[in-house]
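Here's a quick tour of one protein model, with an eye on its charged side chains and its biggest open space. Take a look at the structure first.

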Amino acid sequence: MLNLVIFGPPGCGKGTQSTRIAEKYGLMHISSGDLLRNEIERGTDLGNQVKQYVERGLLVPDGIILKKIYKNAIRFIHSAGIIFDGFPRTLIQAVMLDTFLQKKELKLNLVIHMLVDRNELFKRLTGRAEDSGRKDDTDQIFGVRMRVYEKQTHCLKEYYSGQNKILQVNGMAPVEEVSAKIVRAIDHYREKNEVFSNVI
Ligand code: AMP
């Protein structure tokens, strides 16, 4: 199996890149944000429970998200692999993901960290708001999501660097260029079992 995580600040392109990578390597794509938005749209109990957090740009409590992710991941443990998009987002989630995979005698192979500067993120999100209709793609909520990212998610970089799994990707280039770089790095990893240490 090829199991990947992709993370980065809001608007970094993780959804777009995950879809492309999943297609290229035949991976199952688990997007925590999409799973939550789907629950909210359907008005389920879970949707009602998480709505306030998502719309305000705050993280849904770890217990809720972990349960939802496990339920989905378990269906895919005999697939070619999984790309986790937007999960983990806290240190606890990262540790719990490792534990979950270890119990299934699986492991995380690579963690893609998308780097995009703040002005570009802001431009992308406010541009996206018109199409996405997402309530959290507003100026004000963007600020909240950036702070949440810096406080609760950015620390994953250290956690996965310690495991020698982090692949840092400059996400400022056009989508196709970014995908091509990621593909090169994944292929290199698969051939040599080695992760590029520089930002690509
Ligand atoms: P995203 O589509 O990845 O930008 O996620 C949208 C929103 O869903 C986030 O701002 C959070 O409110 C919630 N969310 C998504 N993934 C997680 C997670 N792993 N932990 C907690 N909340 C999450």
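Is glutamate 120 buried or exposed? Keep in mind that this is a predicted model. With a relative accessible area of 19%, glutamate 120 counts as buried, because the cut-off is under 20%. Its salt-bridge partner is lysine 123, which is exposed at 58% relative accessibility. The two sit about one helical turn apart, since they are three residues apart in helix H6.

That pair is one of the salt bridges in the structure, which holds eight. Here are some of them:

| Salt bridge | Closest N to O |
|---|---|
| Lysine 14 and aspartate 85 | 3.9 Å |
| Arginine 37 and aspartate 34 | 2.8 Å |
| Glutamate 120 and lysine 123 | 3.5 Å |

Lysine 14 and aspartate 85 are both buried. Lysine 14 is in helix H1 and aspartate 85 in strand E3, so this bridge ties together parts that are 71 residues apart in sequence. Arginine 37 and aspartate 34, on the other hand, share helix H2 and lie three residues apart. Both are partly exposed: arginine 37 at 22% and aspartate 34 at 43%. There's also a salt-bridge network that links Glu39, Arg42 and Lys68.

Now for the open space. The largest pocket has a volume of about 900 Å³. Of its 44 lining residues, Lys14, Arg89, Arg128, Arg134 and Arg145 are the closest to the centre. The lining breaks down into 18 nonpolar, 16 polar and 10 charged residues. Among the elements that each supply at least two lining residues are helices H1, H2 and H6, along with strand E2.

Definitions and conventions
Residues numbered from 1 in each chain as written. Predicted model: local features only at pLDDT ≥ 70, side-chain atom pairs only at ≥ 80, totals over all residues. Heavy atoms only, no water. 1 Å grid on protein atoms, 1.4 Å probe; cavity = no way out; pocket = protein on both sides within 12 Å on 5 of 7 lines; lining within 4 Å. Points joined across faces, edges and corners; volume = space filled by probe spheres on them. Helix = DSSP H or I, 4+ residues; strand = E, 2+ residues; numbered from the N terminus. Nonpolar A, V, L, I, M, F, W, Y, C, P; charged D, E, K, R; others polar. Salt bridge = Lys/Arg side-chain N within 4 Å of Asp/Glu carboxyl O. Buried < 20%, exposed > 50% of the residue type's maximum accessible area, 1.4 Å probe, protein only.
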